[in-house]
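User: Could you walk me through the charged contacts in this one? Keep it casual, please.

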Amino acid sequence: MSPDQSVGTTVSTGTSVSPDGRRAGQAATSTARRGLDADRVDFCQVFVDSSYDPHEVLSGVETVVDDDTDVVGCTGTGNFTETETLANGIAVALVTSDSFRFDTAVATGLGENIHGTVREAARALPDDIDYPYQSALVLHDGLAGVGERLALAIQRRLGPHVGFAGGAASDNYQMESTPVFCDGTVAEDALVLVLVSGTQRAVISVDHGHEPISEPHAVTDGSGNVVRELDGEPAFEVWKNAVRDHAAAFDFDVDALSLESEEMNRLMGVYEFGIDQGDGFKIRWPKSIGQDGSLSFAVDVPEGTVLRVMYGDPESQIDSVRRVAEEAVALAEGDLAGGFIFDCACREIILQDEFSDAVDELASVLSVPFAGFETYGELCMQMGQLSGFHNTTTVAFLLPE
C-alpha cells in the first residue's frame, strides 16, 4: 500500500509456557492475533526460551500468521510482554500496519566476516522503497562477541540517517547456542536485519542505571574481548579492589568467593565496567574470569580503553527503565501503537525477583503492547551517534499509530 493510503498501525502480543514447542508457538501467536483484530498480519517477532526447539516453535507460529507474514526472532533469556514476565516460555508480537512496511534478511558468517555478513543481509533488502523514513531492527548471535563492530558496520551500510535497535540472542547463561530466526531459517553465527520503512519515524530510546564507583583504569594488556591487565595489574584484581568495600556492605566477601560460584557471577553482573562517553557511560559486562586474572567481556575492549567500575542498585535500574519509556513517549509525535524492548540479561542478575517490576514500570508509562527479551547485549544507534553496543541497558523500538 502506498504511503498516502496510510490508516495506521496496530500491535498485539501473546505468551505461552506450554512445554510443547509447536503448541507454545501456536498458542502465543493465536492470543496475539485475537488481540490484533485485523484481517492480516504484516510482521511477527518471536522470542523463544532456549529450552525449546526453535523449529518446533516456529512451525506453530506459522500455522497462525499469514503465508506472506515476515517472521523473525531469536532465543532469549527471560522473555516478556506488557502483561507478563516469563521465567521460561515464549513471547510473540504481531504488527499490522498501513503506515509501515517490514523487509527482512538473514546472513551467516558473522564471527569471521562482520562487514561481509552485513553487506549480504543489506543486499537482500529492496532499494526502491517509497517511504520518507527508515529505521531497522537487528538480531544477532549473542555468542559472536562482535556487538560494537557490528553496530558500526550496520551504520556504515545503512547510512547515518537510519537509526536501529536490537539485541544479541541469549540462552539463560548457558553460553552454548544463541540462534536467530528469519522467515523459516534458524541460524547460528548469523544476523537478522529488518528494514522498517514508514510514513512516520519509529521511536528509539535507551538508558541504563549505573554510576561509577572507581577511578579510571586503562586497558594496558588485552586482545579481542579479553582484558588481561588494567594499569599494569591483573584486571580481576583491579575489579576486586574496586568492589571489595562496596560489596561488603551487602555481606559479600569477594576474596572468599570461587571464580565460578553463582555469587561471583551475580557480582560481575552488578559491578560492571563503564566507558566514559563524555555525556554518560556505556556499560561493558565482564562475563567470565580467567585463571590468570583476566576478564572476558561480551564484546571487544581494545587496549587503551579507559574503564571505570560501575554499580547499579535495583532502584536505579527501575528508574532507568522509566526514563526509557518517558523518553519514548516524549519523542513520539502522536500516540504509540506498541513495539519491542531489548533489555540486558544482567538486569535479571541485579533485579532478580524485581525484574517484573521493571517490566511493569515500562507498561505503566508506555500503555501500549510490547514484547521483549533479556539479551547478551543491546544495539541502539540513533542518528548522530558514533557507538551503538550496550550492556545492562534498556532499548525500546516503538511504532507510532
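Analyst: Sure. A salt bridge here is a side-chain nitrogen of Lys or Arg within 4 Å of a carboxyl oxygen of Asp or Glu. Keep in mind that this is a predicted model.

User: Which residues are linked with Lys240 in a network of salt bridges?
Analyst: Start with the lysine 240 and glutamate 237 side chains, which meet N to O at 3.6 Å. They sit 3 residues apart in helix 5, so about one helical turn separates them. Aspartate 255 and arginine 244 make a salt bridge too, at 2.7 Å between the closest N and O atoms. Put together, the partners of Lys240 in the network are Glu237, Arg244 and Asp255.

User: Is lysine 240 buried or exposed?
Analyst: Buried means under 20% relative accessible area. Lysine 240 has a relative accessible area of 11%, so it counts as buried.

User: How many residues apart in sequence are the parts tied together by aspartate 207 and arginine 323?
Analyst: These two form a salt bridge, with the closest N and O atoms 2.6 Å apart. Aspartate 207 is in strand 12 and arginine 323 is in helix 7, so the pair ties together parts whose separation in sequence is 116 residues.

User: Which residue stands opposite glutamine 45?
Analyst: Strand 2 (residues 43-48) pairs with strand 3 in the parallel sense, over 6 bridges. Strand 3 covers residues 70-75, and 6 of its 6 residues are buried. The strand 3 residue opposite glutamine 45 is valine 72.

Terms used
Residues are numbered from 1 along each chain as its sequence is written. This is a predicted model: local features need pLDDT of at least 70, side-chain atom pairs count only at pLDDT 80 or more; totals for chains, interfaces and linings use all residues. Side-chain values use heavy atoms; hydrogens and water are left out. Buried means under 20% relative accessible area, exposed over 50%, partly exposed in between (1.4 Å probe, protein chains only). Helices (H or I, at least four residues) and strands (E, at least two) are DSSP runs, numbered from the N terminus. Two strands pair if DSSP finds at least two bridges between them.
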